[in-house]
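Me: I am new to this structure and would like to understand the terms used to describe it. Please show it to me before we begin.

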Amino acid sequence: MTQQQILELAIKMGTKADLRGVEAVAKYLVRQKKKFEGLSAKKQADFDKERLVNPYMDSGVWNDSGKPVKKAMAGIDVTSGDIMLAKSLGVDTIINHHPLGKGLAMLDGGMHLQADVLALCGVPINIAESLMKVRISEVGRGVHASNSYKTIDAAKLAKVNLMNVHTPADNLVADFLKKIIDKKQPEYVSELVELIAGVDEYKESARRGSPVKIFAGSEDRRAGKIVLTEITGGTEGAKNIYREMANAGIGTVVAMHLSEEHRKNAEEAHLNVVVASHIASDSLGMNLFLDELEKKGIEVISYGGLIRIKRGKK
Ligand SMILES: [Fe+2]
Ligand SMILES: [Fe+2]
């Protein structure tokens, strides 16, 4: 497989696992196409054509010799040092999780997913979109200043292939957790914590000092309606969404990570928030994807914090 084919597989798997559903993703791409067609020739020339086929612009191929990949190094946060490590290990590519380059600069672009997911959980779409709009522009300004091509430059100089898979992998986490929660339907927050903590990546994370944690609410409280609104969709959502979520009948939010301000607002809205832990969650998503690559004969070495757990061959 080439890096481009690996990215295509990630998009395919991420779309299938997307909480919005496959049709909603297809509809989003159709809308991009319509927008593109409505542009002037000059604006069409400036339009990033990748947006017409990739619904997850925070993922991409950043340095590519076109060489087929037999051995990959996969992790969460790549550094220039990891690139030198990849070179000495003789791997054909680095597959990073967190966005790089233009993918980082466009992190805000994929966050509209969160509004759709909130709407599916009962928050009126107009409220979800309105609050997310503020948050998306905030994230957009935040990443605007980042030195997003630093690591890509190192990869180019070292002649090491580099790509990243972000939202497609996070979609796999959300889908995985949704399935186990739907199946078990935990009544108490403690039962929800126990359920998530039983997944191998979270077990290892607990051993590493970051267990599944209740950030708002307590283990003796009833979970109520559990939602996975803070697992995928770029980064943390709108700070002032929690009251609206509570009004929509939501009881508990499962998140990857949560800022202090988000936490306070969730608590004030009487919501429970279970933070599954960040790196273990990112690892789970990457693992579900990497297992597929291994099935296709690619050898995978983990780096950069990835807790590599292999799941049984189907
Ligand atoms: Fe992630
Ligand atoms: Fe992450």
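Reply: The following exchange sets values against their definitions. This is a predicted model, in which local features need pLDDT of at least 70, side-chain atom pairs count only at pLDDT 80 or more, and totals for chains, interfaces and linings use all residues. Residues are numbered from 1 along each chain as its sequence is written, chains are lettered from A and ligands numbered from 1 in the order in which they are written, and side-chain values use heavy atoms, with hydrogens and water left out.

Me: Why is Asp282 called buried?
Reply: Buried means under 20% relative accessible area, exposed over 50%, and partly exposed in between, with a 1.4 Å probe and protein chains only. Asp282 has 1%, so the residue is buried.

Me: Why is His278 called partly exposed?
Reply: The relative accessible area of His278 is 27%, and therefore this residue is partly exposed.

Me: What makes His98, His278 and Asp282 donors of the iron ion (ligand 2)?
Reply: Donors are N, O and S atoms within 2.8 Å of the metal (3.2 Å for Na, K and Ca); water is not among the atoms, so sites may look incomplete. His98 and His278, each through NE2, and Asp282, through OD, coordinate this iron ion at 2.1 Å. Asp282 also bridges to the iron ion (ligand 1), the two ions lying 3.2 Å apart.

Me: How do you know that the protein agrees with a compact globule?
Reply: The radius of gyration is taken over C-alpha atoms, and the globule rule is 2.2 Å times the number of residues to the power 0.38. For 314 residues a compact globule would have a value near 20 Å; the protein has 19 Å, so the two agree.
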